[in-house]
Amino acid sequence: MAQNSSPGLEEAYQQAARDAGHQPGACIIPPDDMPNIVFVHPDPDQGWEEIGEYMLADARSYSEWSNEAGLQATVVSNSKTVADLRDEQGPYRVVTAAGAVELINTWGSLPLHPLCGGIPAELAWKYLRRVADEVVPAMASVTS
């Protein structure tokens, strides 16, 4: 497992929360090589066709925000196209149910962001239902 290349990010979050008059909550900063936006589809090619542009929009937004704030280390992707984003095999992934089980077994979680990049709720629900209908039962059989 790789380390996260954003040293000081948790401390910056905690200080910003305190400065705003709030008690800091949990801050989870995953390792750089851990996927952090995962969608499940029986045909990953079709999944990328359906939601790739939304994931790219998300990646571009985070890249712009990070660059404006001078936080180069927190840029999640510099991809300019959906194909590039997919080829990275980085934080954005579309996997089969079996691939999701593998990610859970490797990382201990399956990070879902169903409304990533403005994905319409109706489409997001299809992806969440796949997790409930295919991934959860598969995990139950693995742990039994």
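## Polar contacts of Ser77

A polar contact is a pair of N or O atoms within 3.5 Å, of which, within protein, one must be able to donate a hydrogen and the other to accept it. In this predicted model, the backbone nitrogen of Ser79 lies 3.0 Å from a polar atom of the Ser77 side chain, and the side chains of Ser77 and Glu88 are joined by a polar contact of 2.8 Å.

## Surroundings of Ser77

Ser77 is located in the loop that runs between helix α2 (44–68) and helix α3 (82–88). With a relative accessible area of 5%, Ser77 falls under the 20% limit and is therefore buried. When residues up to four places away in sequence are not counted, Ser77 touches Ala59, Ser63, Leu85 and Glu88; Glu88 is thus named both among these neighbours and as the side-chain partner in the 2.8 Å polar contact.

## The aromatic pair

A pair of aromatic rings is described by the distance of the centres and the angle of the planes. The count for this model comes to one aromatic pair, formed by Phe39 and Tyr127, whose ring centres are 5.4 Å apart and whose planes make an angle of 85 degrees, an edge-to-face arrangement. The pair links distant parts of the chain, since Phe39 belongs to strand β1 (residues 37–40) and Tyr127 to helix α5 (residues 121–143), with the two positions 88 residues apart in the sense that they are 88 residues apart.

Phe39 and Tyr127 are both buried. Tyr127 also has Arg130 over the face of its ring, at 4.8 Å from the ring centre.

Technical notes. Residues are numbered from 1 along each chain as its sequence is written. This is a predicted model: local features need pLDDT of at least 70, side-chain atom pairs count only at pLDDT 80 or more; totals for chains, interfaces and linings use all residues. Side-chain values use heavy atoms; hydrogens and water are left out. Rings of Phe, Tyr and Trp (its six-membered ring) pair if their centres lie within 6.5 Å; planes under 30 degrees apart count as stacked, over 60 as edge-to-face and the rest as tilted. Helices (H or I, at least four residues) and strands (E, at least two) are DSSP runs, numbered from the N terminus. Buried means under 20% relative accessible area, exposed over 50%, partly exposed in between (1.4 Å probe, protein chains only). A charge sits over a ring if NZ of Lys or CZ of Arg is within 6 Å of the ring centre and within 35 degrees of the ring normal. Contact means heavy atoms within 4.5 Å.
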